[in-house]
Amino acid sequence: MERYYKEIYEASQSDKEKVAWCSSVGPAEILIAAGFKVYYPENHGALIGAKKLATKYIIKANSIGYSPDICSYLTSDIGAYLMNETPLKDAYNVPSIPRPDVLVYNTNQCREVQDWFKFYGNEFKIPVVGIFSPWKIKDLKKEHVEFVSNQFKNLVKELEKITQRKFDYDYFKEVINLSRECSLLWKRFLETAQNRPSPITFFDGTIHMAPAVCLRGLKEAVDYYKLLNSEVEERIKRKEGAIDNEKIRFYWEGMPIWGRLRFLSEVFEKNNSNVVASTYCNSWVFEDLSPEEPFESMAECYLKIFINRSEEVKERILVEEIQKYKCDAIIFHDAKTCPHNTNSRFGMPERLREKYGIKTLIIYGDLNDLRCFSDEQTKTLIESFPERT
Amino acid sequence: MSFFAGIDIGSSYTKICLIDEKKKIIAEDIVSSGISFEKTSKKILRRVFKKINGNFKINDIKVFVSTGVGRYNFPFKKITKTEISCLVKGMTYYFSGKGTIIDIGAEDVKMVQINEEGEEVDFKMNRKCAAGTGAFIEEISRKLRMPLKKLNNLAEQAKKSIEINSFCTVFAGTEIIHLIREGKDIKEIARGVFESFVNRILSMVKVEGKLFLAGGAVAHNPFLLKVFEEKTGITPLVPPNPQTLVAFGAALFALENKKKIDV
């Protein structure tokens, strides 16, 4: 990751290379194939959260009119920019975030990315290109795919204007292949959690997912996951669990609470509980990418992500996942500033409990804004579960 | 004679309950939790021992179960349990049947659904927000410079109520001052405070079956029972010791564990 961030920063300082900023489930493969170094503000937001710097930055963004009720990735990232600070400095010795040449977002994951990217579009006076995805999809239809793949094709034209270079379709297919391979390897890693005891935790996943987010489409990600999987497979052979005495298995739905990963992982471990799988980490699995139909398969993959589906589809997926990973209960993280990726607000926990007998817990918190999270309340909630089973 | 103790170290108050082998309550006490849970634990032990008799010592207690937010801060050898399990344990000692337990503490409200067998089937807590917790009523009473007892008495006398927001404790206080300035009836305002409080709790949980209430807010605000009954159509069941019920549940766990641990 250090090399990745250094390379983007260097590209941003050079006249020869171009930098694109992309939303985390945005059309990265097209940007890479067009010759851009790709930077993901959401990864930067997560880093700010994990370094417990978010509250410092959020209030700065609030002061210029960005509400504390909107996405705290957005407010912490913009706040850090306003204060001319970045955790990249301490983490990777990178002096600043890379200045972009274009900003590209996809609304498949949330609607607030457009306002986030528009802020930077105005700041840097550069083009902002949005991919608009139909939302809450129940049955994915050909028209949905065409609508988005056409936008991808138009994006290529926009990018050619910026790079002054013809788009390399052969390289694009290569990138698609690498991205697919990365996805399959990442999926294999996540699926090792089906073992009992699970060799991994959700918290491991939130760290190891960085290449699937930031390096997909590049060989480095493929190499990383090959190595990671070989280590995890050794653990499975040795029947080595991620925690010592796995008695209870949880499924995590919703965003991670970045500033409390360690705290939460320790509370679960102390209670012989492991959060083995999540919808969140699974969001970067694009196994249906195909070099034969690169635009269409990309459109399909990016539309199919969990967060972009209807309540009915989400319900079905959650039930299947809980069975697949043999979980004793599902934890919903109700993230105060992330309504799009909070699935406990329209009766889902109640439906899972009443229709399928699935046990549910709701943790109130936030992805970055730790003022919305209570250590004590959450600890009591997690500890009470083994006491009642 | 063997004794068993449950200590519930809450955010505002620490409660203790000592029982004998027949589950008879020998002594109970409540003190402010203060800023050192450890010191408070020692203080409440001294007080409760004195209540029993001057010669009672810590070694006379076979097992301690500590619960509440400060459960790990109890400085003597103990078993820890969450307040949720202790609450269910205590409540199902007094009552049976499927229902919803609502425990209203100083800074949180816990809502537990139990089945016919008295087993916990679902559990919820409030968000990180004081509305719907004892802190709400305490804050209003502070703002009005009126003891809780008086607030209860006034509310009981009102024939109707004035609606007060239930989303922010601080602004509900400001709203009340505004209503007083407007010359509204203080009795109706007082009743509005309790209705707003109960509305907030009922927005967090669907009451199914019987309604069991506990917690400091219930102990100190008897008018709440009437409001709960009006809003749900269910007569609430309240144990004799609503504020120390969780400590009592912890003491029952202590008794159950007497053979399991080496003391």
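Helices here are DSSP runs of type H or I with at least four residues, numbered from the N terminus. The model is a predicted one.

**Exercise 1. Locate A:Gln164 relative to the helices of chain A, and state what is notable about its phi.**

Solution. Begin with the position: A:Gln164 is found in the loop between helix H8 (142-163) and helix H9 of chain A. Then turn to the backbone, where phi of A:Gln164 is near 60 degrees, a positive value in a residue other than glycine. Most residues other than glycine have a negative phi, and most peptide bonds are trans. The second half of that statement can be set beside the peptide bond from A:Arg196 to A:Pro197, which is cis, with omega near 0 degrees. A:Pro197 is found in the loop between helix H9 (169-191) and helix H10 (202-208) of chain A.

**Exercise 2. Classify the packing of helices H5 (residues 169-181) and H6 (residues 186-202) of chain B, and describe the residues of their contact.**

Solution. The first step is the geometry: the two helices pack at an angle of about 160 degrees, and their axes are 10 Å apart. Because angles over 145 degrees count as roughly antiparallel, H5(B) is roughly antiparallel to H6(B). The crossing of H5(B) and H6(B) is right-handed. The last step is the contact, to which H5(B) contributes B:Ile176, B:Leu179 and B:Ile180, while H6(B) contributes B:Ile186, B:Ile189 and B:Val193. By class, these residues divide into 6 nonpolar, no polar and no charged.

**Exercise 3. Carry out the analysis for helices H16 (residues 311-324) and H17 (residues 348-356) of chain A.**

Solution. H16(A) and H17(A) pack at an angle of about 55 degrees, with 11 Å between their axes. They are therefore oblique to each other, and their crossing is right-handed. On the side of H16(A) the contact involves A:Glu311, A:Lys314, A:Glu315, A:Leu318 and A:Val319, which meet A:Met348, A:Arg351, A:Leu352, A:Lys355 and A:Tyr356 of H17(A). The residues of this contact divide into 5 nonpolar, no polar and 5 charged.

**Exercise 4. Describe the open sheet of chain A that contains strands E5 and E7, and place helix H16 relative to these two strands.**

Solution. Start with the strand order, which is E6-E5-E7-E8, with parallel pairing among the 4 strands. The edge strands are E6 (273-278) and E8 (359-365) of chain A, each of which pairs on one side only. From one strand to the next, the twist averages 30 degrees. Next take one pair: E5 (residues 248-253) and E7 (residues 329-335) of chain A are parallel over 4 bridges, with A:Phe250 having A:Ala329 in E7(A) as its bridge partner. Finally, H16(A) lies across E5 and E7 of chain A and runs at about 155 degrees to E5(A).

**Exercise 5. Compare the connection between strands E3 and E4 of chain A with that between strands E2 and E3 of chain B.**

Solution. In chain A, strands E3 (residues 102-106) and E4 (residues 128-131) run parallel and are joined by 4 bridges, and A:Val104 stands opposite A:Val129 in E4(A). The chain passes from E3(A) to E4(A) through helix H7 (residues 113-124) of chain A, in a β-α-β crossover that is right-handed. In chain B, by contrast, strands E2 (residues 13-20) and E3 (residues 25-32) pair in the antiparallel sense over 7 bridges, and B:Ile25 in E3(B) is the bridge partner of B:Ile19. E2(B) and E3(B) form a hairpin with 4 residues between them, and in the turn B:Lys23 has a positive phi of about 70 degrees.

Conventions:
Residues are numbered from 1 along each chain as its sequence is written. Chains are lettered from A and ligands numbered from 1 in the order in which they are written. This is a predicted model: local features need pLDDT of at least 70, side-chain atom pairs count only at pLDDT 80 or more; totals for chains, interfaces and linings use all residues. Side-chain values use heavy atoms; hydrogens and water are left out. Axes are lines fitted to C-alpha atoms, for helices over the stretch in contact, and angles run from 0 to 180 degrees between N-to-C directions. Angles under 35 degrees count as roughly parallel, over 145 as roughly antiparallel, 65 to 115 as roughly perpendicular and the rest as oblique. A crossing is left-handed if the near helix is turned anticlockwise from the far one by less than a right angle, and right-handed if clockwise. Contact means heavy atoms within 4.5 Å. Ala, Val, Leu, Ile, Met, Phe, Trp, Tyr, Cys and Pro count as nonpolar, Asp, Glu, Lys and Arg as charged, and the others, Gly among them, as polar. Two strands pair if DSSP finds at least two bridges between them. A crossover is right-handed if, with the strands pointing away from the viewer, the path from the first strand over the helix to the second runs clockwise.
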